[in-house]
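Here are a few worked exercises to try with the model open beside you. Have a go at each task before you read its solution.

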2 protein chains.
Amino acid sequence: MLSSYSTADKVLLALDCIIFGFDQHQLKILLIQRDFEPEKGKWSLIGGFLKRTETLDDAAKRILNHLSGLDDIYLEQLYTFSEVDRDPGERTLSTAYYALINSEDHKLLEDGDYTAKWFDIKEAPNLIFDHNEMVQKAILRLRRRAVSKPIGFELLPEKFTMLQLQKLYEAILDVELDKRNFINKVNALDILVKLDEKDMTSSRKGSYLYQFDKEKYDQKIEEGFTFKI
Amino acid sequence: MLSSYSTADKVLLALDCIIFGFDQHQLKILLIQRDFEPEKGKWSLIGGFLKRTETLDDAAKRILNHLSGLDDIYLEQLYTFSEVDRDPGERTLSTAYYALINSEDHKLLEDGDYTAKWFDIKEAPNLIFDHNEMVQKAILRLRRRAVSKPIGFELLPEKFTMLQLQKLYEAILDVELDKRNFINKVNALDILVKLDEKDMTSSRKGSYLYQFDKEKYDQKIEEGFTFKI
């Protein structure tokens, strides 16, 4: 006999949500203080346990909403972490989910028992268990995503300057990009429409505003590309 | 309190291995007949249950080896499937793993209680539970992999013809490719070395043999590219 249900081991399955935020300047991450042992009081990803009666997608949404107030977020499954001793409390596997949201557009719960808090990704505290590793894996996934498909539609204002788009790429890739070089590469992707309109707040000369060409943007989402930095 | 270990639900966690084979002609898949209820006797991916004391990676290797004899296979985690009613036997989630191997280089267990069998991917039987969906997701992942990174090093003979490489791409992408067009695109990737040597078995004129330039190949694995078909 291959196996049987009655003799197989049961385990706890947790979910942890890696929520990246972008505020037009920096990449941020949403964290929460754990309120039970072990590691009570330390910083953690937003997580909880799967219920028998829900899917992983539903559980991730429920937990995120319950602990942060965030709703209507598209969470993508990242990976299931399974080191045997990863959680000293009990044998627990964890499926990590991630999302990148415009942190200015989404209100957090302001009071409540657990208050989730945004941290600049570079100043984030050390996290419990294998949560640092989860964050690293999510950042790599996000970077691969950013150089192989268009990004920014949900993160930038409807009309934006080339500098704003550059700041998004710089925040995700954690590099400084050469302006001229960046403009050439973005133009080569052919997903922008240059408007006959300027943002006058940043300089006297002003900066041209752009929009995404939604049709071309969606087509490139399908096809993919290689954006070499 | 966020949650606690003692009140959280425990679940069964299964693993299912999607093993693609390439025999220099076609894409194949390794399947097994299930020998316990429900769905006893039907075709299934190679699967089993996680033990408390092992990681998912280790469990996938153990199960694959036990049921097929395959050893030393690099399995990559694909996705964790969690529909509530996916397994009518009991609430069971399943983490799927996949690999693409040269099916001619790997011997299967020839006897034993469960005999795994290769099927041409287009003639594979209908599978139990959500296993068809798992296979579809793995094929999509494999295709994305094939057009964004070099593929073939472990699958082709050390020296191969352009036609053999084309057949690999055709098998994975499930399309017929134009020969001249394919050659141009592959040459543009700059990962091949053309040898001063011909394979004389396929035609009177013979076909030049190629090798991968391992250094450039590995560099492209890092960088990625877009291979448009």
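**Exercise 1. Relate the two chains.**
Work out which turn and shift lay chain A on chain B, and what relation this gives.

*Solution.* Keep in mind that this is a predicted model. Start with the superposition: a turn of 180° with a shift of 0.0 Å along the axis lays chain A on chain B, at an RMSD of 0.0 Å. Next, name the operation: this is the relation of a two-fold axis. Finally, look at the contact residues: 100% of those of chain A recur in chain B, and the same surface serves both copies.

**Exercise 2. Check the length of a helix.**
Compare the expected span of helix H3 (residues 162–173) of chain A with the distance between its end C-alpha atoms.

*Solution.* Count first: H3 of chain A has twelve residues. The expected span is 1.5 Å times one less than the number of residues. For H3(A) that rule gives 16 Å, and the end C-alpha atoms are 16 Å apart, which agrees.

**Exercise 3. Judge the surroundings of that helix.**
How many of the twelve residues of H3(A) are buried?

*Solution.* The cut-off to apply is under 20% relative accessible area for a buried residue. Going along H3(A), the residues that pass are Met162(A), Leu165(A), Gln166(A), Leu168(A), Tyr169(A), Glu170(A), Ala171(A), Ile172(A) and Leu173(A). That makes nine of the twelve, so H3(A) is largely enclosed by the rest of the structure. One step further, just after H3(A), Asp174(A) takes a positive phi of about 55°.

**Exercise 4. Describe a helix pair.**
Find the angle and axis distance for helix H2 (residues 131–148) of chain A and H3(A), then list the residues that meet.

*Solution.* Geometry comes first: the axes of H2(A) and H3(A) come within 9 Å and cross at roughly 145°. Now the residues: H2(A) brings Leu142(A), Arg143(A), Ala146(A) and Val147(A), which meet Tyr169(A), Ile172(A) and Leu173(A) in H3(A). Sorting the residues of this contact by class gives six nonpolar, no polar and one charged.

For the other chain, helix H2 (residues 131–148) of chain B packs with helix H3 (residues 162–173) of chain B at an angle of about 145°, their axes 9 Å apart.

**Exercise 5. Rebuild a sheet.**
In what order do the three strands of the open sheet in chain B stand, and which of them are at the edges?

*Solution.* Take the pairings one by one. S9(B) and strand S10 (residues 207–212) of chain B pair in the antiparallel sense over five bridges. Within S10(B), Tyr210(B) stands opposite Lys194(B), and Ser207(B) stands opposite Asp199(B). S8(B) and S10(B) also run antiparallel, joined by two bridges, and Thr161(B) has Leu209(B) of S10(B) as its bridge partner. Put together, the order is S8-S10-S9. Strand S8 (160–161) and strand S9 (192–199) of chain B are therefore at the edges: each has a single partner strand, and one side of each is left without a neighbour in the sheet.

**Exercise 6. Classify one residue.**
Is Asn181(B) buried, exposed or partly exposed?

*Solution.* Locate the residue: Asn181(B) lies in helix H4 (residues 179–189) of chain B. The partly exposed class falls between 20% and 50%. With 37% relative accessibility, Asn181(B) counts as partly exposed.

Terms used:
Residues numbered from 1 in each chain as written. Chains lettered and ligands numbered in written order. Predicted model: local features only at pLDDT ≥ 70, side-chain atom pairs only at ≥ 80, totals over all residues. Heavy atoms only, no water. Axes fitted to C-alpha atoms, helices over the stretch in contact; angles between N-to-C directions. Helix = DSSP H or I, 4+ residues; strand = E, 2+ residues; numbered from the N terminus. Least-squares fit on C-alpha atoms with pLDDT ≥ 70 in both. Contact = heavy atoms within 4.5 Å. Buried < 20%, exposed > 50% of the residue type's maximum accessible area, 1.4 Å probe, protein only. Pairing = 2+ DSSP bridges. Nonpolar A, V, L, I, M, F, W, Y, C, P; charged D, E, K, R; others polar.
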